[in-house]
Amino acid sequence: MSHRQSIDLSIETASERLRRAGYRVSRQRLAVYAFLCANGSHPTVDDIHAGVKGEFPKMSVATVYKSVESLVDVGLVKPIYLGHAATRFDAPTEEHAHFRCIVCNEIVNVAMDQVPVAKDELDRCEIIGSSVEFYGFCNPCRRQKLGLAPEG
């Protein structure tokens, strides 16, 4: 299956989930989701807005916010909270963790061999997702911190 076919299948799934949750399935909302599916950089709302503006020049940032909120609500998109920095978003295709550089805020997907298992402390809770984050210094920031020359 090609990447484009995978995104098309994801769009069909997104449409069904949004409809079942009572959201209107608009072209703008689906364009926001398609942008997130095709973009691995974990964009902010402003990045998403810039990415879909070519197709929808009159789309406002508020519309992007509402679209992202609905996609998060139905479990298609995960927010990545960065404290004081702008929230970033991810449309994961499979379970994974993230590595975040504490200097430049670069976020990289990290494959996980297995999803963490909830223990007895959570036996009466309804778990709807999980988030695993590693943080530290990416290689370029680590090299700069140590006073080393950038890798060529």
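Buried, in these legends, means under 20% relative accessible area. Every view below comes from a predicted model.

**View 1. Strand β3 sits between two partners in a three-stranded open sheet.** With the cut-off for burial in hand, β3 is a good place to start: five of its six residues are buried, so the strand is largely enclosed by the rest of the structure. The strand order is β4-β3-β5, and the pairing is mixed. β4 and β5 stand at the edges with a single partner strand each, so one side of each has no neighbour in the sheet. From one strand to the next, the twist averages 25°.

**View 2. β3 and β4 make a hairpin.** Here we zoom in on β3 (residues 96–101) and β4 (residues 107–111), which run antiparallel and are joined by five bridges. Going along the ladder, histidine 96 has alanine 111 of β4 as its bridge partner, histidine 98 is matched with asparagine 109, and phenylalanine 99 is matched with valine 108. Five residues lie between the two strands, and in this turn asparagine 105 has a positive phi of about 65°.

**View 3. On β5, the pairing with β3 is parallel.** Four bridges link β3 to β5, the latter covering residues 133–136. Look for phenylalanine 99 again: in β5 it stands opposite phenylalanine 134, while its bridge partner in β4 is valine 108.

**View 4. Helices α2 and α3 cross at roughly 105°.** Two packed helices are described by the angle between their axes and the distance between the axes. For this pair, the axes come within 10 Å. Angles of 65 to 115 degrees count as roughly perpendicular, and α2 and α3 are therefore roughly perpendicular to each other. On the α2 side, the contact is made by Ala31, Val32, Phe35 and Leu36; α3 contributes Asp47, Ile48, Gly51 and Val52. By type, these residues divide into six nonpolar, one polar and one charged.

**View 5. The largest nonpolar core has 24 residues.** Which of its residues touch the most other members? They are Val32, Tyr33, Ile48 and Val77. At least two core residues come from each of α1 (3–20), α2 (27–38), α3 (45–52) and α4 (61–73). The largest share is that of α2, with eight residues. As a general note, nonpolar side chains in soluble globular proteins tend to be buried together.

**View 6. Isoleucine 48 and its surroundings.** Setting aside neighbours within four places in sequence, isoleucine 48 is in contact with Val32, Phe35, Leu36, Pro43, Val64, Val68 and Phe89. Val32, Phe35 and Leu36 should look familiar, as they are among the α2 residues in the contact with α3. Ile48 is also one of the core residues that touch the most other members.

**View 7. Serine 15 in helix α1.** Is this serine buried or exposed? Its relative accessibility is 10%, so serine 15 counts as buried. Leaving aside neighbours within four places in sequence, the residues in contact with serine 15 are Val25 and Leu30.

Notes:
Residues numbered from 1 in each chain as written. Predicted model: local features only at pLDDT ≥ 70, side-chain atom pairs only at ≥ 80, totals over all residues. Heavy atoms only, no water. Core = buried A, V, L, I, M, F, W, Y, C linked by side-chain atoms within 4.5 Å. Buried < 20%, exposed > 50% of the residue type's maximum accessible area, 1.4 Å probe, protein only. Contact = heavy atoms within 4.5 Å. Axes fitted to C-alpha atoms, helices over the stretch in contact; angles between N-to-C directions. Parallel < 35°, antiparallel > 145°, perpendicular 65-115°, else oblique. Nonpolar A, V, L, I, M, F, W, Y, C, P; charged D, E, K, R; others polar. Pairing = 2+ DSSP bridges.
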